[in-house]
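Open the model in your viewer and keep the selection panel at hand. The tour goes stop by stop.

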Amino acid sequence: MEEFDLCLAAAIKGLNSRKTFLEATATLTTFFKPDALYTSQQQSALMNALKRVSVVLSTRYTDRDYWQAGLELFTFGLSVAESPEDQGAIQVYIDRCSAELDPVAPPA
C-alpha cells in the first residue's frame, strides 16, 4: 500500500471519534491542493472520504466546530473537483454545513 492510501485510510478512521474528528478533517484537507495530480482511483477515494465526512456529520456530530471543519474541508474539495458530478455532490455538502452553521430562524 502506498503512502497516499495509508494516510487517507488513517484520516478516514479518525472520523469515527469525537477526539480525532477535527484532526482527521485537517489531514484530509491537505489532500486537496490545486496543483495535486491524482489518478482517477485516488480521486475516487478522496470523493468517498468526503462522502464519509458528510455521513458522519449528519449522523453523529452536532457541535458547531465539527460542522465548521466539514465546511472548510468541503470548500477545499470543491476548489479542486474536476467532474461536474463531484462538484455538485460537494456543493450539497457545503450547503448542508452552511445550513447547520447559520440556521434560518423559524417565522414568528
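What follows is a walk through a predicted model, from its core out to a few single residues.

**Stop 1: the core**

Select F21, L28, L50, V53, L57 and F74. These residues have the most contacts inside the largest nonpolar core, which has 28 residues. Now colour by helix. Helix 1 (3-14), helix 2 (18-29), helix 3 (40-59), helix 4 (64-80) and helix 5 (84-101) each give two or more residues to this core. Which helix gives the most to this core? Helix 3 does, with 7 residues. As background, nonpolar side chains tend to be buried together in soluble globular proteins.

**Stop 2: helix 3**

Select 40-59, the range of helix 3. Helix 3 has 20 residues. Put a distance between its first and last C-alpha: helix 3 reaches 29 Å, close to the 28 Å expected at 1.5 Å a residue. Next, show side chains. Q42, L46, M47, A49, L50, V53, S54, V56 and L57 are buried in helix 3. Turn on the surroundings: helix 1, helix 2, helix 4 and helix 5 are among what covers these buried residues.

Stay on helix 3 and pick S54, which has its place there. Is S54 buried or exposed? S54 counts as buried because its relative accessibility is 14%, and the cut-off for buried is under 20%. Beyond its neighbours within four places in sequence, S54 is in contact with F74 and Y93. Keep that pair on screen for later.

**Stop 3: helix 2**

Select 18-29, helix 2. Helix 2 has 12 residues and reaches 17 Å from first C-alpha to last, close to the expected 16 Å at 1.5 Å a residue. Its buried residues are F21, A24, T25, L28 and T29. They cover an arc of only 135 degrees around the axis, so they sit on the same side of helix 2. Rotate to the face turned away from that buried side: the exposed residues K19 and E23 are there. Helix 1, helix 3 and helix 4 are included in what covers the buried residues of helix 2.

Zoom to the start of helix 2. A side-chain oxygen of S17 comes within 3.2 Å of the backbone nitrogen of K19.

Then centre on F21. Leaving aside neighbours within four places in sequence, F21 is in contact with G14, L15, V53, V56, L57, Y61 and Y66.

**Stop 4: the rings**

Show the aromatic side chains. How many aromatic pairs does the structure hold? There are 6. Start with Y61 and Y66. Their ring centres are 4.7 Å apart and their planes at 20 degrees, so this pair is stacked. Y61 and Y66 are both buried.

Move to F74 and Y93. This aromatic pair is tilted, at 5.1 Å centre to centre with 45 degrees between the planes. The pair links distant parts of the chain: F74 is in helix 4 and Y93 in helix 5, 19 residues apart. Both F74 and Y93 are buried.

Finally, select F4, F31 and Y38. These form one aromatic cluster.

**Stop 5: L71**

Last pick: L71, in helix 4. L71 is buried because its relative accessible area is 17%, again against a cut-off of under 20%. Leaving aside neighbours within four places in sequence, L71 is in contact with I94, C97, S98 and L101. Draw one more distance, from L71 to D95. The two are 24 residues apart in sequence and 8.6 Å apart in space, C-alpha to C-alpha.

Technical notes:
Residues numbered from 1 in each chain as written. Predicted model: local features only at pLDDT ≥ 70, side-chain atom pairs only at ≥ 80, totals over all residues. Heavy atoms only, no water. Core = buried A, V, L, I, M, F, W, Y, C linked by side-chain atoms within 4.5 Å. Buried < 20%, exposed > 50% of the residue type's maximum accessible area, 1.4 Å probe, protein only. Helix = DSSP H or I, 4+ residues; strand = E, 2+ residues; numbered from the N terminus. Contact = heavy atoms within 4.5 Å. Expected span 1.5 Å × (residues − 1). Arc of directions from axis to C-beta. Polar contact = N/O pair within 3.5 Å; in protein donor to acceptor, adjacent residues only side chain to side chain. Phe/Tyr/Trp six-rings, centres within 6.5 Å; stacked < 30°, edge-to-face > 60°.
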